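Please look at the model shown here with its sequence, and read the report that follows beside it. The report takes up charged pairs, then a pocket, and finally a surface patch and the helix that goes with it.

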Amino acid sequence: MYVEVFNAAQAYIHLEPIYLLIIIIIISYILSKTEEMQSKPVLAKILFVISIMIPITAFIYSVRDYNNLQKVLNINNFVSIEGNIQDFCPLSRFGHGVESFTLKGVYFEYSEYSLNYYFDNPKEFGGPIVKNRQYLKIDYYRDKGGNNRIVTLKIKKEDVKSEGARTSN
């Protein structure tokens, strides 16, 4: 018996860049009313354009990645493996770097700080993968950059640490 702790099919488009864009526009509007910015209109316009390009670019990449995930899910373009984790290397206590492990000779790494639609929940942030020898079932695919991306993650019921996961066979 397994507990499903992650399923990318339940993903939605990340809207955080749009929220950031709205905040930047509001702050820019407020700042544009100050005397200092009114006396430097060219500088104000340059700062505004640069500040809105960052969330717009992030949103475009987010939509692209979401569409890529949907293609992977629609054509079942992933590999299924199961077994015991080896070489588990947790994220540092300070949250920098990546967490990684090997399963059946396949290397996986992930970080809480990437904006993507695949499994990226390290142990330090309450993630379900916590130790070597934990038994997992994983569906993954290899992206264009050669990274193995976890699409679904199931853990043997007796090895589950976190609550709120769904049981499956």
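The structure holds two salt bridges, a salt bridge being a side-chain nitrogen of Lys or Arg within 4 Å of a carboxyl oxygen of Asp or Glu. This is a predicted model, in which local features need pLDDT of at least 70 and side-chain atom pairs count only at pLDDT 80 or more, while totals for chains, interfaces and linings use all residues. Residues are numbered from 1 along each chain as its sequence is written, and side-chain values use heavy atoms, with hydrogens and water left out.

The table lists the two pairs.

| Salt bridge | N to O distance |
|---|---|
| Arg-64 and Asp-65 | 2.9 Å |
| Asp-143 and Arg-149 | 3.0 Å |

How accessible are these partners, when buried means under 20% relative accessible area, exposed over 50%, and partly exposed in between (1.4 Å probe, protein chains only)? Arg-64 is partly exposed at 42% relative accessibility, whereas Asp-65, at 19%, is buried. In the other pair, Asp-143 is buried at 16%, and Arg-149 is partly exposed at 23%.

Asp-143 appears again in the lining of the largest pocket, where 15 residues take part and where Asn-68, Tyr-118, Tyr-141, Asp-143 and Lys-144 lie nearest the centre. Helix H3 (41-74) and strand S5 (135-142) are the elements that give two or more residues to this lining, and H3 gives the most, with five residues. Helices (H or I, at least four residues) and strands (E, at least two) are DSSP runs, numbered from the N terminus. A pocket is found on a 1 Å grid over the protein atoms alone, as an open set of points where a 1.4 Å probe fits, with protein on both sides within 12 Å along at least five of seven lines, and lining residues have an atom within 4 Å of a point. The volume of the largest pocket is about 400 Å³.

On the surface, Leu-15, Tyr-19, Ile-22, Ile-26, Tyr-29 and Ile-30 make a nonpolar patch of about 630 Å²; such patches are made of residues with over 30% relative accessible area and no salt bridge, and nonpolar side chains (Val, Leu, Ile, Met, Phe, Trp, Tyr) are joined within 5 Å. One of these residues, Ile-30, is found in helix H1 (residues 16-32) and counts as exposed at 52% relative accessibility. Leu-21 is also found in helix H1, but Leu-21 counts as buried at 15%.

Technical notes:
Grid points are joined across faces, edges and corners, and a volume is the space filled by probe spheres set on the points. Patches are made of residues with over 30% relative accessible area and no salt bridge: like charges are joined within 9 Å, nonpolar side chains (Val, Leu, Ile, Met, Phe, Trp, Tyr) within 5 Å. Accessible areas come from the Shrake-Rupley method with a 1.4 Å probe; for residues, only the protein chains shown count as cover.
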